[in-house]
2 protein chains.
Amino acid sequence: MISSAAFQPITPEILAQLTQITSNISTAKADLDLHAKDQSQHPAHSAEVIVWPTEAQQVADILRLANEQRIPVTPWGVGTSVEGNPIPIYGGILMSFERMNNIIKVHASDFQVTVQPGIGHKDLNAQLARYGLFFAPDPGANATIGGMLANNAAGIRTVKYGATKDNVLKMQVALADGRLIEVGSRSVKQSAGYDLLHLFVGSEGTLGVITEATLKLIPVPTLMSAAVAGFETIEAAVETVVAVRGSGLDPAALELIDAANAKFLNNAANLGLPEMPILFMEFHAAHEASLEAGLETVREICEDMGAVSFRATMDAAERKNLWHARHAAYEIMVRSHPGQHIYLNDVAVPISAYPELIAYIEQRRDERGVVAYMFGHAGDGNIHVFFPFANDAEYQDRQQFNAEIVMKAIELGGTATGEHGVGVGKAKFLPVEHGAAVAVMRSIKQTLDPNGILNPGKIFPQDDLPF
Amino acid sequence: MISSAAFQPITPEILAQLTQITSNISTAKADLDLHAKDQSQHPAHSAEVIVWPTEAQQVADILRLANEQRIPVTPWGVGTSVEGNPIPIYGGILMSFERMNNIIKVHASDFQVTVQPGIGHKDLNAQLARYGLFFAPDPGANATIGGMLANNAAGIRTVKYGATKDNVLKMQVALADGRLIEVGSRSVKQSAGYDLLHLFVGSEGTLGVITEATLKLIPVPTLMSAAVAGFETIEAAVETVVAVRGSGLDPAALELIDAANAKFLNNAANLGLPEMPILFMEFHAAHEASLEAGLETVREICEDMGAVSFRATMDAAERKNLWHARHAAYEIMVRSHPGQHIYLNDVAVPISAYPELIAYIEQRRDERGVVAYMFGHAGDGNIHVFFPFANDAEYQDRQQFNAEIVMKAIELGGTATGEHGVGVGKAKFLPVEHGAAVAVMRSIKQTLDPNGILNPGKIFPQDDLPF
């Protein structure tokens, strides 16, 4: 186990050396506090110094210095993660990418863009709009591209466009020893050597630090439709998800809200939702005829599966209206629990196991008698359970419930974390999910970061081996 | 550099130990000869013994023995590769997966199938037809799934459905030291730890041996259309590729044949093709209306770009007829060069650089005055140049031409190998393409295969470092 004794403290000499690399550096308590915790409920911890590099070579130079001096380095995007992924739990250097947030080049006819890691995906898409292109993964919050890559974030439209890992072609990465390498290729097709690109994607800054990325872009769809269907039972709703996926239709979003959530949203925001399990769907197409035909197929499937309400539209304003409840759900939930926190669960399973997973969560919720709201990226077999809690005892209890759900998901052939990464929150489940492969992950960590300076305390359980 | 001196020969004692693991073993010259070379022009080399394991534990046990005894092990699918990928150039054990060719389980409602690595993708698809599902990557030959995974094979429909790496979710892998691990997840969404799955995919058996794989499947499209367009200049054809890709249409195939190739095919097989650069396109849709609308858009684009001929159809028989030339091109080419060999080039670039790459190849072909036929997966920026040759001098010359094309592709931001892997043929280009990242690849190789027994002599150039 890494203890803080394995690392060296930041001395005035090291501060001076850091300042030679970049003048954008702070040890002010206000800055340290601002970077002590992400949006999760995991305990905050302060770094000893914050640095804001402005170019890749500075990142590499800082890592080289930190590696020589055995100082932990934790990369930081904008802190929207929810598993404690960028909490500097061993102190040391927190490296913020706030000042590396530029678009380097739009390769419009390749549907690609090269960016610095600190740009927010919403800010990126605002700038890409003029090209008729967009970066598809959308985790909700305005996460940075670097953070999304590091955690392999996903979101609502992953069912059609894939997760972040499916939408990156090339990266520049700074290694622990200060080397700068390029991985991947701007060629969409490549079979030249080991896929280092995907080794660094999702490694949460524990193998290297992403300093530049070339992303795949998608043409903004000409036409979109939306459909919302309500079902008497959650079983019927979830079986409809399986049926829609099995129909050969290609939904751009396929989201589930359970009855408890629909009722909650109505009470909190007077949304007029049917108070039953609801599916939200979106379809993209290049032609009106195909959009119409797709909606007709969806309506037939939903009715066959026993939908008691079905509304669909091809009108943009009406689509936003229909989807408003889904988009606003998280914000309404937070706003409606003043003085409480929200503990957020994230698991995913093969779609055929989704009904069993959802049934299990409902059953355990009722047995435990706790408040829990579900919404999920159902088309991907991904579910989030939101647990409001008001005190430490409730927090401990919800963590236990979360662990039960995670273990059930793994038992069903699924994963402990669909799109939030491992961070500190899911580390203990890694060996349950991956078994003997965790030793291989550790050996790669040891190879690329022998001193363990890169985002220590993340991904791997902390009570057995050095990483 | 590994020399054969680094490895131990197969002794009678080792043969006896291998026989205890599996009785499916041969040292007969006929068997050794059958496994001495793939379909490439790279020099043949015989293994010392062939083994045909029938289960994963046997694979692991053989590797453990080979690792302890310092004996090279080269995995073998069915030998359809074209860069010498499975040639046992240091002798030792050739491990054929011919007898591990079963479907383990069809997960029909997940659109997944779990298979042993020795099954041919065409055989797999024949068995999947009853489920209305198919495995999309199609490299042409009936390559095994294990070989396709090891080389990250791609093919005609990659423009819509991705390469092999995009169509695998989970694998079981035997490591050099005899450990069996599982990587990836049947959950389509996962962000739990390092992406070992994609580290092993495309590693050509040099990091581990794939013993089982769960693949993504696609619903067989309800409706397909085809279009064939001829252009006066290759520039116009290639710019049309960029325009079709930029239109937001989603072709399932977008293939280019150059004028030399069209003329050759007419002469050889009387196909009645327009003797000019030709684009072959295929579209898949769930509704006739969308298929019709798509074809209309394609026709408009082609005519805007100056197409002098355009034929399109939604009829299945007519589609096969239209596409016959493209599907039969390789076979016709081989058949029409009796006594000659075909040297096959494979590079890919970002689509915006495709016109410059194609122009360069044409220019150099004319300057060199050699016969060369192009056909390419144009929608992916991927081109194959076929060089017939009759003797060693011509072979050397075509290799040199190949090297020029590869260097140009890399200069244009592309790759030395789009879909054929590195093998022995592309190893020397790896440092040109990947620079300092090659050292990272080597360190991972060293970590997972410290004795270098796994498919030695592949991927890495052989004249500098131990791997």
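## Exercises on a two-chain predicted model

The C-alpha centres of domain 1 of chain A and domain 4 of chain A lie 31 Å apart, with domain bounds that come from an automatic or database domain assignment. This is a predicted model, in which local features need pLDDT of at least 70 and side-chain atom pairs count only at pLDDT 80 or more, while totals for chains, interfaces and linings use all residues. Residues are numbered from 1 along each chain as its sequence is written, and chains are lettered from A and ligands numbered from 1 in the order in which they are written.

**Exercise 1.** Describe the contact between domain 1 and domain 4 of chain A.

*Solution.* Begin with the bounds: domain 1 of chain A covers 4–98 + 443–448, and domain 4 covers 337–423. Next, take the contact itself (two residues are in contact if their C-beta atoms, placed from the backbone, lie within 7 Å), to which domain 1 of chain A gives six residues and domain 4 of chain A eight residues. Finally, sort the domain 1 side by class, which yields one nonpolar, four polar and one charged residue; here Ala, Val, Leu, Ile, Met, Phe, Trp, Tyr, Cys and Pro count as nonpolar, Asp, Glu, Lys and Arg as charged, and the others, Gly among them, as polar.

**Exercise 2.** Determine how chain B is related to chain A, and which parts of chain B touch chain A.

*Solution.* First superpose the copies, by least squares on the C-alpha atoms of residues with pLDDT of at least 70 in both: a turn of 180 degrees and a shift of 0.0 Å along the axis lay chain B on chain A with an RMSD of 0.0 Å. The two copies are thus related as by a two-fold rotation axis, and the C-alpha of chain B nearest that axis belongs to Ser290(B), 2.2 Å from it. Then turn to the contact, which takes 73 residues from chain B and 74 residues from chain A. Among the elements of chain B that each supply at least two residues to this side are helix H8 (234–246) and helix H10 (288–304), whereas the largest share, six residues, comes from H15(B); helices (H or I, at least four residues) and strands (E, at least two) are DSSP runs, numbered from the N terminus. By class, the side of chain B has 30 nonpolar, 32 polar and 11 charged residues.

**Exercise 3.** Place strand S18 of chain A among its partners and state whether its faces are buried or exposed.

*Solution.* Start with the pairing (at least two DSSP bridges between two strands): S18(A) pairs in the antiparallel sense with strand S13 (residues 253–257) over two bridges, and with strand S19 (residues 382–389) over three bridges. Phe375(A) is the bridge partner of Ile257(A), and Tyr373(A) has Phe386(A) as its bridge partner in S19(A). The hairpin of S18(A) and S19(A) has five residues between the strands, and Gly381(A) takes a positive phi near 70 degrees there. As for the faces, Tyr373(A) and Phe375(A) on one side and Met374(A) and Gly376(A) on the other are all buried, a residue being buried if 20 or more other C-beta atoms lie within 10 Å of its own, exposed if 12 or fewer, and partly exposed in between, with C-beta atoms placed from the backbone.

**Exercise 4.** Characterise the surroundings of Lys426(A).

*Solution.* Locate Lys426(A) in the loop between helix H13 (392–411) and helix H14 (430–434) of chain A. Lys426(A) is buried, with 28 other C-beta atoms within 10 Å. Leaving aside neighbours within four places in sequence, Lys426(A) is in contact with Glu83(A), Ala416(A), Thr417(A) and, from chain B, Ala192(B).
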